[in-house]
Amino acid sequence: MTKAAVIGAGIGGIAASIRLAVKGFDVTVFEANETFGGKMQEFWLGKYRFDAGPSLFTMPHLVDELFTLAGRNPSDYFTYTRLDPITHYFWADGSHVKAYANGDKFAAEVNQQLGVPEQAVMDALAKSAQLYKGTADTFLHKSLHRLDTYINPDVLKALSCLSDLGLTTTMHQENAKQFSDHRFVQLLDRFATYNGSDPYQAPGTLNIIPHLEHNIGAFYPDGGIYAIAASLVKLAEELGVTFKYNEAVKQILTSGKSVTGLETSQAKYKADVVVSNMDVVPTYRRLLPNQKAPEKTLQQPRSSSALIFYWGIKRTFPELHVHNIFFSQDYKTEFEHIFKHKSISPDPTVYINITSKADPQEAPAGSENWFVMVNVPHNQGQDWEQLTADTRQAVLQKLNKMLKTDIAPLIEEERVLDPILIESKTSSFGGALYGSSSNNRMAAFLRHPNFSNKLKGLYFCGGSVHPGGGIPLCLLSAKIVGELAPAVHHVVNTPKH
Ligand code: FAD
């Protein structure tokens with residue numbers, strides 16, 4: 001049977017293993033950690049459950065698709081609920097917007113709270129949908145690095161109207177052009193952080209992101225975000241995929257211009273196809289030391305990282321929901337701190353995710369599990385101990401003021417995650433959350449392709465390669481790898497359930 005080896009059991013690696021197994025490969029996934037999930041972990045602090053990494057789940061059909069592809073009924077494995085409202089937004093001037101899932105209701109709320117005309121809000125959501133329609137097929141669903149992509153007339157059409165797609169302006173310019181209310185512009189600009197970018201530099205094309213959240217929807221998986229990885233590993237194992245944990249890959253083995261297998265901490269394995277779900281920078285630096293690395297690609301600026309305080313809070317806050325944002329007063333300066341000064345603003349925007357709002361079992365009665373996150377630069381040798389202490393203080397001061405409550409005495413459990421820990425746990429270069437940033441209008445083209453053009457049989461998936469980071473894009477990277485991998489004559493039996 002044709003063998004495939006996958007390096008890493010992050011969401012991209014798990015999805016790639018399923019796609020290759022369905023295609024007929026004999027698949028083994030090698031994972032350095034003791035379990036699957038990569039950035040998508042869960043843990044308990046006392047009686048509080050936390051998702052360690054991702055908290056916002058969009059495009060659930062990309063998960064369902066994997067079960068359907070394998071002949072299963074998705075809801076036998078994985079269920080989720082659409083969130084409404086999606087997010088509660090708070091500003092220092094006391095204004096507060098509930099982002100309802102229904103577009104008309106959201107527009108009415110923005111009009112009532114911020115005075116922005118309803119039609120303008122609806123137009124922005126429609127424009128986002130339009131942008132998605134114009135770009136997704138070209139920029140997300142296909143490899144940008146193969147000639148056959150460009151032979152497609154739809155792609156040529158998309159590329160011929162780049163200015164309409166916002167590739168020549170920044171996200172902020174586009175939003176500020178449409179709205180005079182700085183709070184609503186800030187709300188729209190924040191979507192740049194969904195792939196670790198800066199709205200004052202990232203191209204207007206990223207204004208497709210609100211479409212995913214507002215028009216398609218934001219969802220909460222039953223069992224938390226971790227359930228996505230857990231249910232997909234269950235499926236992969238049913239399809240015959242072998243997971244080898246605590247087995248770090250040390251080298252990708254090659255002969256001439258082809259991969260032949262890999263060497264792990266424990267043994268050498270033969271493979272016809274190798275898929276790296278490890279960040280592309282350490283893949284080249286550590287696993288392919290004798291191959292010429294694509295330096296321009298590897299040196300693209302990294303995305304932002306995160307500083308997270310996981311707090312067990314012994315009180316409930318009815319004014320909060322699953323996703324909550326407490327905005328900074330000067331967004332431009334906040335991003336300059338992150339991307340220019342490699343530091344953290346003393347007035348950071350604070351995101352609080354409270355999954356016990358969706359599932360009360362995730363915190364003790366009368367309490368809430370707060371995942372408190374601030375966007376920060378990736379690790380470049382900063383003094384993280386000092387930055388963490390200063391930021392904790394700034395976050396508490398801000399929340400005390402905006403929630404009119406002294407928060408520190410309510411914290412009964414605490415853990416912290418910083419960029420150094422993110423890197424050490426997942427090998428993500430610099431602890432960047434989404435590989436390279438999209439702060440450059442050519443960023444989409446400069447991400448590493450999903451295949452090697454030097455070594456036959458070598459593929460790449462996950463957040464550091466095309467089409468980018470975040471759960472949906474990692475799933476799409478695995479889909480592209482599945483499509484690019486060679487056909488296998490033996491086809492696995494995929495029973496209908
Ligand atoms: P990773 O999760 O990076 O996993 C890679 C795996 O490879 C790891 O398990 C690692 O141990 C393993 N590995 C590495 N090197 C080796 C080796 N040599 N041998 C064997 N195994 C190896 N996305 C969203 O969609 N929504 C969000 O709200 C969101 N928020 C986030 C918040 C945080 C704090 C973080 C950290 C990320 C967030 N993301 C979010 C991004 C999302 O989590 C990632 O894009 C996605 O999970 C990355 O998956 P991946 O496939 O790239 O693999």
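**Exercise 1. State what share of the chain is buried, and describe its overall build.**

*Solution.* Of the 497 residues in the chain, buried residues make up 53%. The model is a predicted one. In secondary structure, the chain comes to 17 helices and 20 strands. Its radius of gyration is 22 Å, close to the 23 Å that the globule rule gives for 497 residues, so the chain is as compact as a globular protein of that length. The C-alpha trace spans about 65 × 55 × 50 Å along the principal axes. Finally, consider the contacts with a separation of 6 or more: 70% of them join residues 24 or more positions apart.

**Exercise 2. Determine the strand order in the sheet that contains S11, S12 and S13, and identify the edge strands.**

*Solution.* Step one is the order: the three strands form an open sheet, arranged S11-S12-S13, with antiparallel pairing. Step two concerns the edges. Strand S11 (249-255) and strand S13 (268-270) each have a single partner strand, so one side of each is left without a neighbour in the sheet. From one strand to the next, the twist averages 30 degrees. Step three examines one pairing: S11 and strand S12 (residues 258-264) are joined in the antiparallel sense over six bridges. For Val249, the bridge partner in S12 is Thr264.

**Exercise 3. Compare the span of helix H14 with the expected value.**

*Solution.* Helix H14 covers residues 384-403, which is 20 residues. From its first C-alpha to its last it reaches 27 Å, and the expected value at 1.5 Å a residue is 28 Å; the two are close. After H14 comes Lys404, whose phi is positive, near 50 degrees.

**Exercise 4. Locate the buried and exposed residues of H14, and explain why the buried ones line one face.**

*Solution.* First, list the buried residues: Thr391, Val395, Lys398 and Leu399. Here a residue counts as buried if 20 or more other C-beta atoms lie within 10 Å of its own. Second, view the helix down its axis: the buried residues of H14 fall within an arc of 95 degrees, so they line one face of the helix. A general rule is relevant here: an α-helix has 3.6 residues a turn, so residues three or four places apart point the same way. Third, turn to the face of H14 directed away from the buried side, which carries the exposed residues Glu385, Gln386, Ala389, Gln393 and Lys401. Fourth, find the packing partners: the buried residues of H14 pack against strands S15 (305-313), S16 (323-326), S17 (350-354) and S18 (368-376).

Definitions and conventions. Residues numbered from 1 in each chain as written. Predicted model: local features only at pLDDT ≥ 70, side-chain atom pairs only at ≥ 80, totals over all residues. Pairing = 2+ DSSP bridges. Helix = DSSP H or I, 4+ residues; strand = E, 2+ residues; numbered from the N terminus. Axes fitted to C-alpha atoms, helices over the stretch in contact; angles between N-to-C directions. Expected span 1.5 Å × (residues − 1). Buried ≥ 20, exposed ≤ 12 C-beta atoms within 10 Å, placed from the backbone. Arc of directions from axis to C-beta. Contact = placed C-beta atoms within 7 Å. Rg over C-alpha atoms; globule rule 2.2 N^0.38 Å.
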